Amino acid sequence: MTFEYAPAPESRSIVSIKPKYGHFINGSFVAGKKHFPTINPATEEILSHIALGGISDVDKAVMAAQKAYTKTWSKLSGKERGKYLYRIARILQERAREFAVLETLDNGKPIRETRDIDIPLVAAHFFYHAGWADKLDYAGLGHSPKAYGVAGQIIPWNFPLLMLAWKVAPALATGNTVVLKPAETTSLTALLFAEVCQQAELPDGVVNIVTGDGSTGSAIVNHPGVHKIAFTGSTDVGKKIARAIASTDKKATLELGGKGANIVFDDAPIDETVEGIVNGIFFNQGHVCCAGSRLIVQESVAEEIIEKLKVRMAKIRVGDPLDKNTDLGAINSKEQLVKIKELSAIGDVEGAERWSPQCNLSDKGFWFAPTIFTGVTQAHRIAQEEIFGPVLSVLTFRTPQEAMDKANNTPFGLSAGIWSEKGSRIFWASQHLKAGVIWANTFNKFDPASPFGGYKESGWGREGGKHGLAAYLKTGKETGAK
Amino acid sequence: MSFYGLVDGSEKSLIHFLDQLSGVDQVGAEARAAMLATRSIKTSSKKWAIETAISMVDLTTLEGADTPGKVRALCSKAVRPDPTDPTVPSVGAVCVYNDMVEIARTHLDSIGGKHVPVAAVSTAFPSGRASMEVKIQDTQDAIDAGAAEIDMVIDRGAFLAGNYGLVFDEIVKIREVCGDKAHLKVIFETGELVTYDNVRKASYLAMLAGADFIKTSTGKVAPAATPPVVLVMLEAVRDFYSMTQRRIGVKPAGGIRTTKDAIKQLVLVNETAGPEWLTPDLFRIGASALLNDLLMQRMKMSDGYYASPNYVTID
């Protein structure tokens with residue numbers, strides 16, 4: 001007698017995908033010259049063809065953004081800008097199901113996550129920043145902070161629309177205009193967002209979206225009309241951007257890679273800790289810059305935790321991302337799957353012990369079973385390098401100080417988790433961890449009011465919350481005020 | 001004495017055992033239960049779940065106004081929940097007060113319901129505020145009258161005062177009275193224990209003392225069988241099985257009124273304790289109104305439309 005869940009697929013009839021898309025410049029869609037296919041990573045079905053933006057497309061978009069900044073957007077009061085943001089937020093909520101289905105099709109992440117996490121957070125970011133638009137004088141950034149002008153924004157494929165919201169909402173609230181490039185494999189929800197901008201009657205040129213690859217992103221970074229760069233992606237590309245803007249007066253925020261430490265003390269609430277470990281590394285197929293990809297567990301409870309973790313992992317439902325009961329969807333691209341396989345193979349070679357539950361993975365599409373490596377030490381590459389997939393490295397520690405030392409022994413410093421029922425230990429550990437975001441007895445929780453960002457090679461600046469506003473505003477002497 | 005080789009029955013050994021249990025993080029437990037509530041159960045799996053849930057219902061009447069007539073009607077419904085469709089299974093048990101046990105047993109036997117056990121609430125249900133002698137007599141009475149299942153309440157006052165030994169001893173004594181004649185379900189009244197840490201401790205106390213089932217509530221106090229409470233109890237029986245190789249049953253009772261609620265409970269069982277628990281021997285749902293909603297949904301699945309409520313019998 002078993003309780004098999006019958007397939008419960010979300011209908012995709014709510015979305016209509018055009019066979020080909022252009023760029024969104026100055027309030028309308030303009031045809032692209034060259035195109036490349038975008039696929040559903042769960043089936044390899046070609047969903048549409050996306051325009052490959054070149055230098056001239058970026059130039060047009062920046063010109064439109066400059067014009068919109070000078071002529072309209074900078075002349076509106078904060079209150080008026082706020083109205084547009086509220087309107088966008090409401091439309092996003094009204095069309096939430098459409099966005100959720102489209103995101104799942106294009107990205108491969110489960111509908112449960114797009115429906116319950118990505119899209120609600122997207123709307124929340126617009127609502128939150130709408131509220132700031134007319135209160136910037138009171139944000140603690142000095143008197144009358146000023147917008148930079150045109151913000152060039154380059155976002156990744158792991159949370160396509162959510163990263164758009166993280167970038168666009170604060171930029172607009174603070175009075176900047178935007179040229180945004182979505183990731184090559186996940187442009188569709190950004191293009192649907194362009195329709196939302198039209199529906200909200202946002203003034204032309206305030207948001208411009210140019211699709212393309214790394215060369216398109218590079219054109220945005222190097223365009224002299226762009227005053228501020230906001231980038232989320234790999235540390236390698238982040239370093240290239242930092243080099244490119246050195247000796248210019250461009251400002252930048254960079255959200256880069258991570259190798260988050262999820263630290264479990266012996267007094268942790270075991271069952272919820274196991275849930276938190278699963279959520280830390282298998283949320284969004286582990287395609288999360290702040291994923292808890294290193295489990296650092298006190299040796300005295302390691303065996304129990306690993307045993308329970310394996311039981312729990314066997315319950316993870318891997319499969320059709322559109323099925324409402326799917327927990328783990330498809331890997332976003334063939335390229336990423338190859339990278340995950342390579343790094344996992346290195347784990348095997350270095351002598352870590354690999355374990356995955358039995359999973360029936362489809363032949364079509366890109367799939368990787370949830371995986372843990374035990375017996376990992378600091379000297380393993382899988383303890384150092386970001387895998388960006390559903391692969392967890394398990395390390396152990398003996399004393400609290402040793403846990404801190406191991407957690408901090410990485411060039412990254414984005415996130416960390418602490419699991420303990422002892423409040424004093426949580427505060428002690430959070431003071432010693434060099435990570436931008438630290439969760440206690442939870443993991444991967446996001447809120448627009450909470451600033452997010454990294455230490456060390458995990459990034460520059462903060463996004464979200466009051467701190468995130470500063471990244472889009474000139475303050476003090478920068479404003480030219482005396 | 002030894003209880004599964006885990007404690008010797010002394011208060012000291014109990015406190016030692018309970019102290020080494022891991023705490024429950026409230027936010028995390030509630031988040032997990034909420035996530036599992038999003039599972040979408042459709043078509044063939046929904047049909048299976050509805051029929052399984054019917055077979056797990058402890059059809060209950062626990063009112064001061066209970067009469068022989070009311071109890072007989074309940075028994076008829078328990079044996080043949082849908083008189084027009086013999087493929088609908090009988091419910092798991094009928095659950096009544098002590099003095100109604102004999103009436104229920106006799107009536108069940110006379111209508112072809114020998115397979116449906118009678119459960120009696122016991123030990124000065126629902127408050128448990130009586131002397132041990134009274135509680136023992138209450139239980140003995142019910143067993144003598146034909147109860148095959150005893151739903152006892154723990155002494156919540158003793159539990160909250162930290163007198164774990166007293167709570168434990170009472171369960172052990174009632175277990176002795178039940179012997180091999182009756183299954184013992186131990187009711188915690190989780191709405192009075194309040195915290196999940198307490199629910200976990202009570203679960204282990206009851207299991208160690210010899211409970212066959214652990215049960216959330218009397219139905220007289222809200223909140224009762226909330227999904228996170230049931231989650232914590234399912235974790236306890238799962239972990240107790242890995243310690244002792246013995247499977248203890250779980251019975252949520254109170255507040256489960258709709259098919260949707262019941263299916264959420266089955267999902268919790270499936271993904272926490274595991275599919276081995278998806279049998280009336282190890283999972284029961286204490287309810288009264290739930291049964292008719294299950295029948296309505298079952299009809300809807302076979303006919304394709306919602307029938308008038310008059311197509312299901314009120315009792």
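Let's start inside chain B: helix H10(B) is mostly covered, with 12 of its 14 residues buried. Buried here means that 20 or more other C-beta atoms lie within 10 Å of a residue's own; exposed means 12 or fewer, partly exposed is in between, and C-beta atoms are placed from the backbone. Helices are DSSP runs of H or I with at least four residues, strands are runs of E with at least two, and both are numbered from the N terminus.

A word on the source. This is a predicted model: local features need pLDDT of at least 70, side-chain atom pairs count only at pLDDT 80 or more, and totals for chains, interfaces and linings use all residues. Residues are numbered from 1 along each chain as its sequence is written, while chains are lettered from A and ligands numbered from 1 in the order in which they are written.

Back to H10(B). It covers residues 196-209. Among its buried residues are B:Tyr196, B:Arg200, B:Lys201 and B:Leu208. How far apart are its end C-alpha atoms? They are 20 Å apart, which agrees with the 20 Å that 14 residues should span at 1.5 Å a residue. The expected span is 1.5 Å times one less than the number of residues. Just after H10(B), B:Gly210 takes a positive phi of about 110 degrees.

Now chain B as a whole. It has 13 helices and eight strands. Of its 315 residues, 52% count as buried. The C-alpha trace spans about 60 × 45 × 30 Å along its principal axes. Its radius of gyration is 19 Å, which agrees with the value near 20 Å for a compact globule of 315 residues. That radius is taken over C-alpha atoms, and the globule rule is 2.2 Å times the number of residues to the power 0.38.

Next, contacts. Two residues are in contact if their C-beta atoms, placed from the backbone, lie within 7 Å. In chain B, take the contacts with a separation of 6 or more: 77% of them join residues 24 or more positions apart.

How many residues does each chain bring to the contact between A and B? Chain B brings 25 residues and chain A brings 21. On the chain B side, helices H2 (26-36), H3 (43-56) and H12 (259-272) each supply at least two residues. H3(B) gives the largest share, five residues. By type, the chain B side divides into nine nonpolar, 10 polar and six charged. Nonpolar means Ala, Val, Leu, Ile, Met, Phe, Trp, Tyr, Cys and Pro; charged means Asp, Glu, Lys and Arg; the others, Gly among them, are polar.

Over to chain A. An unreviewed UniProt entry annotates residues 33-475 as "domain: Aldehyde dehydrogenase". Such annotations may be inferred rather than shown by experiment; feature names are shortened, and positions use the numbering here. That stretch, residues 33-475, is 41% helix and 17% strand, with end C-alpha atoms 41 Å apart.

Chain A is also divided into domain 1 (23-256 + 457-479) and domain 2 (261-447). These bounds come from an automatic or database domain assignment. The C-alpha centres of the two domains lie 30 Å apart. In contact are 19 residues of domain 1 and 26 of domain 2. On the domain 1 side, helices H3 (96-107) and H4 (111-132) of chain A give two or more residues. The largest share, four residues, comes from H4(A).

Last, helix H5 of chain A, residues 160-173. All 14 of its 14 residues are buried. Just after H5(A), A:Gly175 takes a positive phi of about 95 degrees.
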